[in-house]
Amino acid sequence: LIRDLDKEMTEAEADEKHSQADYEKTMSESVKKRAADSKLLAEKSAARADAESELQMRKEARDGSVKEHMATGSYIASLHSECDWLPQY
């Protein structure tokens with residue numbers, strides 16, 4: 001009975017050591033993964049900010065081009081209206 005009890009105690013201690021080692025390994029891996037995830041999140045946030053900045057710049061450039069195009073169209077229309085009398089003579 002004592003040998004069985006000693007054997008069970010030895011097995012329990014070995015299981016506990018293995019479990020503790022597995023737990024520590026899991027925690028270590030979790031810390032590394034969280035650090036990698038945080039770094040990836042920071043990189044993606046920076047990339048998103050850059051993309052949004054680029055988008056805003058391109059929208060402003062497009063708006064300026066549209067205004068310029070509309071102004072050119074208005075100028076051409078005014079030239080046509082001013083010169084419509086020329087074909088009459």
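Which residues form a nonpolar patch on the surface? Hold that thought for a moment, everyone, and thanks for coming. What you have in front of you is a predicted model, so please listen with that in mind.

Here is the reply: the patch consists of Tyr75, Ile76 and Leu79, and together they offer about 280 Å² of accessible area. Take Ile76 from that trio. Ile76 sits in helix α1, which covers residues 2–83. Is Ile76 buried, partly exposed or exposed? Its relative accessibility is 42%, so Ile76 counts as partly exposed, because that class runs between 20% and 50%.

Now let's step back to the whole chain. How many helices and strands are there? The count is 1 helix and 0 strands. For the overall dimensions, the C-alpha trace spans about 130 × 15 × 10 Å along its principal axes. The radius of gyration is 38 Å, whereas a compact globule of 89 residues would have one near 12 Å.

What about the interior? Buried residues come to 0% of the 89 in this chain. The accessible surface adds up to about 8600 Å², and carbon and sulfur atoms account for 58% of that.

On to charge. The chain carries 14 positive and 20 negative side chains. How far apart do the centres of the two sets lie? They are 1 Å apart. There is also a local feature to point out: Asp4, Glu8, Glu11 and Asp15 make up a negative patch on the surface. One of them, Glu11, belongs to helix α1, and with 43% relative accessibility Glu11 is classed as partly exposed.

Let me finish with two distances that you can check on your own screens. Start at Asp37, which is in helix α1 and is partly exposed at a relative accessible area of 37%. From Asp37 go to Ile76, our residue from the nonpolar patch. Those two are 39 residues apart along the chain, and 57 Å separates their C-alpha atoms.

The second pair begins with Ser28. Ser28 is another residue of helix α1, and its 34% relative accessibility makes it partly exposed. Between Ser28 and Ala14 there are 21 Å from C-alpha to C-alpha, with the two lying 14 residues apart in the chain.

So, to leave you with a picture of this predicted model: 1 helix and 0 strands, a nonpolar patch at Tyr75, Ile76 and Leu79, and a negative patch that includes Glu11. Thanks, and I'm happy to take questions!

Technical notes: Residues are numbered from 1 along each chain as its sequence is written. This is a predicted model: local features need pLDDT of at least 70, side-chain atom pairs count only at pLDDT 80 or more; totals for chains, interfaces and linings use all residues. Side-chain values use heavy atoms; hydrogens and water are left out. Patches are made of residues with over 30% relative accessible area and no salt bridge: like charges are joined within 9 Å, nonpolar side chains (Val, Leu, Ile, Met, Phe, Trp, Tyr) within 5 Å. Accessible areas come from the Shrake-Rupley method with a 1.4 Å probe; for residues, only the protein chains shown count as cover. A salt bridge is a side-chain nitrogen of Lys or Arg within 4 Å of a carboxyl oxygen of Asp or Glu. Helices (H or I, at least four residues) and strands (E, at least two) are DSSP runs, numbered from the N terminus. Buried means under 20% relative accessible area, exposed over 50%, partly exposed in between (1.4 Å probe, protein chains only). The radius of gyration is taken over C-alpha atoms; the globule rule is 2.2 Å times the number of residues to the power 0.38. Lys and Arg count as positive and Asp and Glu as negative; His and the chain ends are not counted. The place of a charge is taken as NZ of Lys, CZ of Arg, CG of Asp or CD of Glu.
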